There are 2 protein chains.
Amino acid sequence: MTSEQRRARRVTLLDVAREAEVSRATASLVIRKSPLVADETRRRVEAAMDRLGYVYNMGAAGMRAARSNTVGVIVPNLANPFFAEMLAGIEQALEGAGMVVVLANSREAPANQETILRRMRERGVDGVILCPVAGTRPALLGKAAGWKLPVVQALRHVSESECDYAGVDYAGGMRQAVEHLRALGHRSIAFGTGGPVHSAYRERLAGFCAAMEARGLDPGVTIELPVAPPFPPEAARRLIDHPARPTAAICFSDVMAACLANSFADAGVAVGAGFSIVGFDDLAVAEMARPRLTSVATFPGEVGEAAARLLLSRLESPERGDRRLISLTRLVARDSTAAAPARD
Amino acid sequence: MTSEQRRARRVTLLDVAREAEVSRATASLVIRKSPLVADETRRRVEAAMDRLGYVYNMGAAGMRAARSNTVGVIVPNLANPFFAEMLAGIEQALEGAGMVVVLANSREAPANQETILRRMRERGVDGVILCPVAGTRPALLGKAAGWKLPVVQALRHVSESECDYAGVDYAGGMRQAVEHLRALGHRSIAFGTGGPVHSAYRERLAGFCAAMEARGLDPGVTIELPVAPPFPPEAARRLIDHPARPTAAICFSDVMAACLANSFADAGVAVGAGFSIVGFDDLAVAEMARPRLTSVATFPGEVGEAAARLLLSRLESPERGDRRLISLTRLVARDSTAAAPARD
DNA sequence: CTGAAAGCGCTTACAG
DNA sequence: CTGAAAGCGCTTACAG
């Protein structure tokens, strides 16, 4: 279809105005539901719109009004359910405000992220919700500020200040996990880490160490794990043979926890009674694993919603101070944790 | 920020042209990388753009050119990893073509879907990739055609004809599953269904029945299951006590299969040796479950990519005939299926 | 409450 | 290869 053919068909506001025998400005007021228009006029215009099959052109409107009602969302890994849930939360909140999501997947690469940001500027998004990739240069946020592009960080953040952020009290979550295990009698607790190093990584790790130390426990037993299957079959062995003789492990994510649990099962150790495992995020897999995984819920959908609200409020008041919305976690106890086994 | 403040800062093509001492049309040609511009002129214009911090305004360009380089993607359930993977495939393919995804979640409700479609028209998307909700009226596609809005259906379809479609040979997948079990000696095979009834549902069911009948087996043993956890603990019992004494089950999805497997384990029946279970889609959960799930891979990411390619080709040639891209499935044998137990 | 005019930032013919 | 003019479809002041 050439652009001429397309355009030839297009019904514009002027057509509607003529059909309804009013001016273009009046027709525009009707569309925007202004109270300035007489009821009878409004009805006439609406009837004309129906008759002509008029479709509002937000692009043209936005160009004049310098607004696109569009928000860019940049996630580091679209296929990860954690981010998919955050995205769903964002979409729902923005949809309710009449805004639309322009989506991009940075695939955890800083270069992609920069390209995406430039493209989003060219498309005139009103703001961006950014889940920054590991290794994002802090200067990026300053640049965005210079561009007058409102940015809200979600789930991860690049710098402590200078930007709105909707996140999770990861350290609090780690405290809950450590406390849960301690109350069950565990004293030697390992930490399963892995994946790219970003603020959420650092906060979980620091939170674990702080919580352990606060209870006089050694935070030094860690095990590096891959973030996704397939999983090294010897993972459990490494913990079983560890000189610190850990009786439990807290993992960075539910996927890691589920895989580690499988590794223990394969090694003939009963998860729960024999070795306790705590996951993080409480995704669907925690409920589906056997034994069901005890996990620290982080509610990514709600964080997404909070990020959307932060952005909407920023668009309302561009000059307000930066805000940080940190949601609390909740430990969901299931079957992968149990009292520490008696040791000789 | 008022629109005036915003606009005051904006650097336009005219500014660039003046700075580079050329006309606006020439500057426009440089942006669009036209070969008509002399190298020296091009360099001058590019330097001016850099100096001024010029940002291309795609909205304005699109308005004149009647193109937005934007594609609407409508998924029925964003939080479902199956659709998240499709989305990732779409995003990657469109990104490579310089297009951007406008995302909407219909939440499996026809009313939402209609609203979304209207909004996408207003935003002037160049086309839509639609994963239609169950219960979509077939007239919808005709309406879209009347609007001159290119639509590609993905993973599900509303009507047999009149629209591009990127999908999966679900029937073939069912044939592979049935054949796999039959080769292992199973004769009584149950079918685990559930969830909304759409084309993918019907094609899986019909495919199962056809494959069973082709082998002289009874396709009548079905069990209704929920699509997500929590799962009814008695699910396995219903199959164990079934008069047809099934020795295996094929499920609609991996999640259902994993849950059913757990239900068997809870009932003390070893999945694999005692009862065989086949999942569908081969999502990450299949690899993570214990025993690992035998599953029919449907590659939703590749289907998304195919849908994106269909849409791009449709934008190239609006008058070409409708195309259907049906990708093949692959059975991935793991540990949840084994030889049928000997029966007395 | 309604109308005529200008302008948002670009591209598209049309001349030269 | 470059320039001057018109126009994409809307909203925004400004009059009345």
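How far is a phosphate oxygen of DNA strand C from a polar backbone atom of Ser23(A)? The distance is 2.6 Å in this predicted model.

A word on the ground rules. Residues are numbered from 1 along each chain as its sequence is written, while chains are lettered from A and ligands numbered from 1 in the order in which they are written. In this predicted model, local features need pLDDT of at least 70, side-chain atom pairs count only at pLDDT 80 or more, and totals for chains, interfaces and linings use all residues; side-chain values use heavy atoms, with hydrogens and water left out.

**Meeting the DNA**

Let's stay with DNA strand C. It is surrounded by 28 residues, and the closest are Ser23(A), Arg64(A), Leu13(B), Ser28(B) and Tyr54(B). Here, near means that a heavy atom of the residue lies within 4 Å of the strand. Of the strand's atoms within 4 Å of the protein, 65% belong to sugar or phosphate, and the rest to bases.

The table lists polar contacts to phosphate oxygens, a polar contact being a pair of N or O atoms within 3.5 Å.

| Residue | Atom on the protein side | Distance to a phosphate oxygen of strand C |
|---|---|---|
| Ser23(A) | polar backbone atom | 2.6 Å |
| Thr26(A) | polar side-chain atom | 3.4 Å |
| Tyr54(B) | side-chain N or O atom | 2.3 Å |

Helices H3 and H5 (58-65) of chain A, together with H3 (24-31) and H5 (58-65) of chain B, each give two or more residues to the surface near the strand. The largest share, 4 residues, comes from H3(A). Helices here are DSSP runs (H or I) of at least four residues, numbered from the N terminus. By class, this surface has 14 nonpolar, 6 polar and 8 charged residues.

**A look at H3(A)**

Which residues of H3(A) (residues 24-31) are buried? They are Ala27(A), Ser28(A), Val30(A) and Ile31(A), where buried means under 20% relative accessible area with a 1.4 Å probe, protein chains only. These four are on the same side of H3(A) because they cover an arc of only 155 degrees around the axis, taken from the directions from the helix axis to the C-beta atoms. Their cover includes helices H2 (13-20) and H4 (39-52) of chain A. Just after H3(A), Lys33(A) takes a positive phi of about 55 degrees.

**How the two chains relate**

Chain A superposes on chain B by a rotation of 180 degrees with 0.0 Å of shift along its axis (RMSD 0.0 Å), fitted by least squares on C-alpha atoms of residues with pLDDT of at least 70 in both. That is the relation of a two-fold axis. In chain A, the C-alpha nearest the axis belongs to Val102(A), 2.3 Å from it.

Conventions:
Buried < 20%, exposed > 50% of the residue type's maximum accessible area, 1.4 Å probe, protein only. Contact = heavy atoms within 4.5 Å. Polar contact = N/O pair within 3.5 Å; in protein donor to acceptor, adjacent residues only side chain to side chain. Nonpolar A, V, L, I, M, F, W, Y, C, P; charged D, E, K, R; others polar.
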